[in-house]
Amino acid sequence: MNPYPDFSAAIGHTPLIRLRTASDATGCEILGKAEFLNPGGSIKDRTALGLLDDAEKRGLVHAGTTLVEGTAGNTGIGLALVGTSRGYRTIIVMPETQSAEKIDALRLTGAGVRLVPAAKYADPANYVHQAARLCDEMNATAPGSAWFANQFENLANRAIHEQTTGPEIFDQLDGALDGFVCAAGTGGSLAGIARALKARKPSIRVALADPAGSALAHFINTGELKAEGNSITEGIGTSRITENFKDAPIDLAWSIADTESVPLLHDLLIHEGLCLGGSTGVNIAGAIRLARALGPGHTIVTLLCDAGMRYQAKLYNPEFLRSKQIPVPAWLDRAFPANGGKPA
């Protein structure tokens, strides 16, 4: 018996799961790396661990330091849990538009949660800028009392995926993969994994699956940052190039509409027993597109980022889905009849 010594040691080493419907439809092997099985429930546990490990090594945090971050939710949950396990207090600044389930999960960790109106990154009121200012204010009062994790620009984010997630995928398949695809928010997961895989096998094709309303796919395809449409998906998509995303070795990119990605989540739940979040739907849509671009007989990996229970009131709520003109499967209507999205 080899028990893990602490919370951090339980992060990573997640399995690959064959996605039967997507694989059968394309003639490829489409595999999802089950990042929702990390102890904090998402791939952002890795990001949090990488950021905090790096800060400790560089002497940026110490006993009594408060961890401060601006996040759509999952990085905050991971950071609060890793931080608590090491004796740190955490304050999270978060857009008030994020799912109630994620907000509640953050509060449950014991983190201080400050909800702010949603604002574009160019606006000083954006949650990332507010988190940075809060950290500066705390340090102005008590120097060294706070540390801003800065997941979008801090390259420790990309590095943890280059050091762990990418090599895990390659080793799990003994190098027998042809493509990797996922969405980008900070860009750390996509860029780090892509760098690790390309370093080991340059022929691997890397693709970006971008939610509608994000500018990244258009940028990859044309060199211009231009966003069109919108999406209900949380935590991915952006209209700027972060330090983590910069120079990511991406070969292909697609913009994915909610009407394409969300039904894949519903099918995955009812046919394969996997209840997953919105970014995973975008990832699977991208994996199907990459499979069709490469042709039958190839092996493609994507990320299963977090569980759908954190988005029940949106992704699995018939009333909300209809308000966004997203198809509602009959089984979901039966499970949640017209009563405000609550179980019968």
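**Entry 1. Helices H3 and H4**

I take a helix axis to be a line fitted to C-alpha atoms over the stretch in contact, with angles running from 0 to 180 degrees between N-to-C directions. I note at the outset that this is a predicted model.

With that convention I looked up helix H3 (residues 74-85) and helix H4 (residues 100-108), whose axes come within 9 Å and cross at roughly 15°. Angles under 35 degrees count as roughly parallel, and H3 and H4 are therefore roughly parallel to each other. I recorded the crossing of H3 past H4 as left-handed. On the H3 side I listed Asn74, Gly76 and Ile77 as making the contact, and on the H4 side Lys102, Ala105 and Leu106.

**Entry 2. Helices H2 and H6**

I next asked at what angle H2 and H6 pack. I found an angle of about 125°, with the two axes 8 Å apart. This value is neither over 145 nor within 65 to 115, so I entered H2 and H6 as oblique to each other. H2 passes H6 in a right-handed crossing. From H2, the contact is made by Arg46, Thr47, Gly50, Leu51 and Asp54. From H6, I noted Ala156, Asn157, Ile160, His161, Thr164, Thr165 and Glu168.

**Entry 3. Ala159**

I stayed with helix H6, which spans residues 156-172 and includes Ala159. Is Ala159 buried or partly exposed? I read a relative accessibility of 22% for Ala159, and buried requires under 20%. Ala159 therefore counts as partly exposed. I also looked up its separation from Gly192: the two residues are 33 residues apart in sequence, and their C-alpha atoms are 6.0 Å apart in space.

**Entry 4. Thr65**

I located Thr65 in the loop that runs between helix H2 (44-57) and strand E3 (66-70). Its relative accessibility is 1%, so I entered Thr65 as buried. Which residues does Thr65 touch, not counting those up to four places away in sequence? I listed Tyr88 and Arg89, together with Gly144, Ser145, Ala146 and Trp147.

**Entry 5. Aromatic rings**

I searched for aromatic pairs and found that the structure holds 0. I then turned to charges placed over rings. The charged end of Arg240 sits over the ring of Tyr121, at 3.5 Å from the ring centre.

Definitions and conventions:
Residues numbered from 1 in each chain as written. Predicted model: local features only at pLDDT ≥ 70, side-chain atom pairs only at ≥ 80, totals over all residues. Heavy atoms only, no water. Helix = DSSP H or I, 4+ residues; strand = E, 2+ residues; numbered from the N terminus. Buried < 20%, exposed > 50% of the residue type's maximum accessible area, 1.4 Å probe, protein only. Contact = heavy atoms within 4.5 Å. Phe/Tyr/Trp six-rings, centres within 6.5 Å; stacked < 30°, edge-to-face > 60°. Lys NZ or Arg CZ within 6 Å of the ring centre and 35° of its normal. Left-handed = near helix turned anticlockwise from the far one by under 90°.
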